[in-house]
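Got your viewer open and a selection box ready? Let's walk through this model one stop at a time.

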Amino acid sequence: MLLSTATFAVLLAAAPSFILPVSAASSKRGLVFTPNETSRADDKIWVEKPTSLTWYYNYESRPEPTYNDVSQSDFEFVPMMWGAPESIDDTSFLLSVQSLVKDQGINITNVLSFNEPDGPFVYGGSNMEPSAAAQIWVNNMIPIQKMGIRVGLPACTGGSSGLPWLQNFLSECSKLVSTEKNQQNCTYDFVTLHWYGNFEGLASHIGQYSAAFPNKTMWITEYNINDQDLETTQEFYNMSAEYFDRLEYVERYSLFGAFRSDVSNVGPNGAMLSANGSLTDIGAWYLGREATGILPGSSSSAFRPVLPQMSFAALAALVAVTVLLT
């Protein structure tokens with residue numbers, strides 16, 4: 001059963017203004033690696049024990065040297081083909097993945113494809129035409145799939161252009177692999193999506209993708225609520241983490257926030273590190289730890305009281321509401 005947006009908004013508004021912090025470890029969680037050259041020591045925070053993180057990507061085809069001493073089985077590197085190469089016939093991404101597997105002995109099991117191809121460069125998108133993306137996919141991703149490696153659909157923006165772009169891309173891809181007598185479709189192993197906004201919008205966005213791509217698992221490889229106050233941001237994190245952990249078809253997720261609050265482009269409260277590089281409450285929860293009480297904007301180890309936990313009954317009511325969305 002699907003709730004209407006208006007109905008869900010009413011039920012959500014009736015929930016308490018604080019929720020149970022989700023500090024339990026989850027093997028679904030990964031790292032969106034976004035290094036800052038002025039604070040490279042922060043890079044090690046994400047693999048220090050205890051940590052929930054089991055995988056990472058860096059928008060590139062090669063792993064980060066920072067994590068060379070961490071095994072692929074403990075912290076899986078997932079290569080990404082961010083956008084279009086200079087030539088549509090370029091297969092350097094394919095060659096890079098083949099080298100990782102054959103020359104370096106790295107057990108690559110998953111690959112991510114284009115980053116926000118429906119979005120312009122100025123906002124971080126790879127700005128690709130579906131027809132060009134389809135040819136690049138055929139040249140690089142299909143041979144990778146033949147290696148036994150799983151490949152995810154391109155990760156479009158959370159805007160209205162995402163699903164139409166993917167539908168056009170799959171149609172163009174089908175034309176390339178089909179003949180007049182043998183119609184085929186390009187295959188993919190999981191659906192990848194991004195979201196920046198409130199929880200209600202996130203749940204609706206996931207519902208749309210679930211309907212468009214039934215029987216496929218999902219990776220939410222970028223998500224956060226941007227430029228909100230601390231309480232709102234923490235509520236969003238806890239609601240979304242609980243939601244992702246509970247939904248069986250959400251295979252993996254990675255919060256876009258592994259940076260310091262003073263360089264955050266989703267607002268200081270969305271960052272998992274304070275201005276001095278200490279884990280915020282959200283950062284600690286994401287790693288499966290207890291809250292630190294450190295304020296995101298703090299340049300010192302400033303503490304604040306941890307948000308109270310909601311009653312078990314209220315949590316159960318919230319879970320019941322979100323179950324109706326699935």
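**Stop one: a tucked-away serine**

Start by selecting Ser126, which is buried because its relative accessible area is just 3%, and buried here means under 20%. Keep in mind as you click around that this is a predicted model. Ser126 sits in the loop between β4 (110–111) and α3. Now bring up its surroundings: setting aside neighbours within four places in sequence, Ser126 is in contact with Trp82, Gly83, Phe114, Asn115, Glu116, Pro117, Gly119 and Phe121.

**Stop two: the big core**

Next, which residues have the most contacts inside the largest nonpolar core? Select Trp46, Trp137 and Tyr223: those are the ones, in a core of 71 residues. Colour helix α3 (residues 130–146) too, as its eight residues are the largest share of this core. If you have some patience left, pick out the second, separate core of 13 residues, which includes Met80, Phe190, Trp219 and Val266.

Back to Trp137. Not counting residues up to four places away in sequence, Trp137 touches a long list, including Ser113, Phe114, Ile142, Val151, Phe169 and Tyr188. Phe114 should ring a bell, being one of the contacts of Ser126 as well. Two cysteines, Cys173 and Cys186, are also touched by Trp137, and they are where we go now.

**Stop three: the disulfide**

Show Cys173 and Cys186 as sticks. A disulfide joins them, S to S 2.0 Å, and the structure holds one such link. Cys173 is in helix α4 (residues 162–177), while Cys186 is in the loop between α4 and β6, so the pair links parts of the chain 13 residues apart. Put a dihedral on the S-S bond and you get -85°, a left-handed link. Buried or exposed, these two cysteines? Both Cys173 and Cys186 are buried.

While you're picking cysteines, try Cys156: it is buried, with a relative accessible area of 0%.

**Stop four: the largest pocket**

Finally, switch on a surface and look for the largest pocket, with a volume of about 500 Å³. To centre your view, select Tyr123, Tyr196, Glu222, Phe256 and Asn265, which lie nearest the pocket's centre among its 25 lining residues. Which strand gives the most to this lining? Strand β6 (residues 190–196) does, with three residues. Colour the lining by class and you'll find 10 nonpolar, 12 polar and three charged residues.

Technical notes
Residues are numbered from 1 along each chain as its sequence is written. This is a predicted model: local features need pLDDT of at least 70, side-chain atom pairs count only at pLDDT 80 or more; totals for chains, interfaces and linings use all residues. Side-chain values use heavy atoms; hydrogens and water are left out. On a 1 Å grid over the protein atoms alone, a cavity is a set of points where a 1.4 Å probe fits but cannot get out, and a pocket is an open set with protein on both sides within 12 Å along at least five of seven lines; lining residues have an atom within 4 Å of a point. Grid points are joined across faces, edges and corners, and a volume is the space filled by probe spheres set on the points. Helices (H or I, at least four residues) and strands (E, at least two) are DSSP runs, numbered from the N terminus. Ala, Val, Leu, Ile, Met, Phe, Trp, Tyr, Cys and Pro count as nonpolar, Asp, Glu, Lys and Arg as charged, and the others, Gly among them, as polar. A disulfide is a pair of cysteine sulfur atoms within 2.5 Å. Buried means under 20% relative accessible area, exposed over 50%, partly exposed in between (1.4 Å probe, protein chains only). A nonpolar core is a set of buried Ala, Val, Leu, Ile, Met, Phe, Trp, Tyr and Cys residues joined through side-chain atoms within 4.5 Å. Contact means heavy atoms within 4.5 Å.
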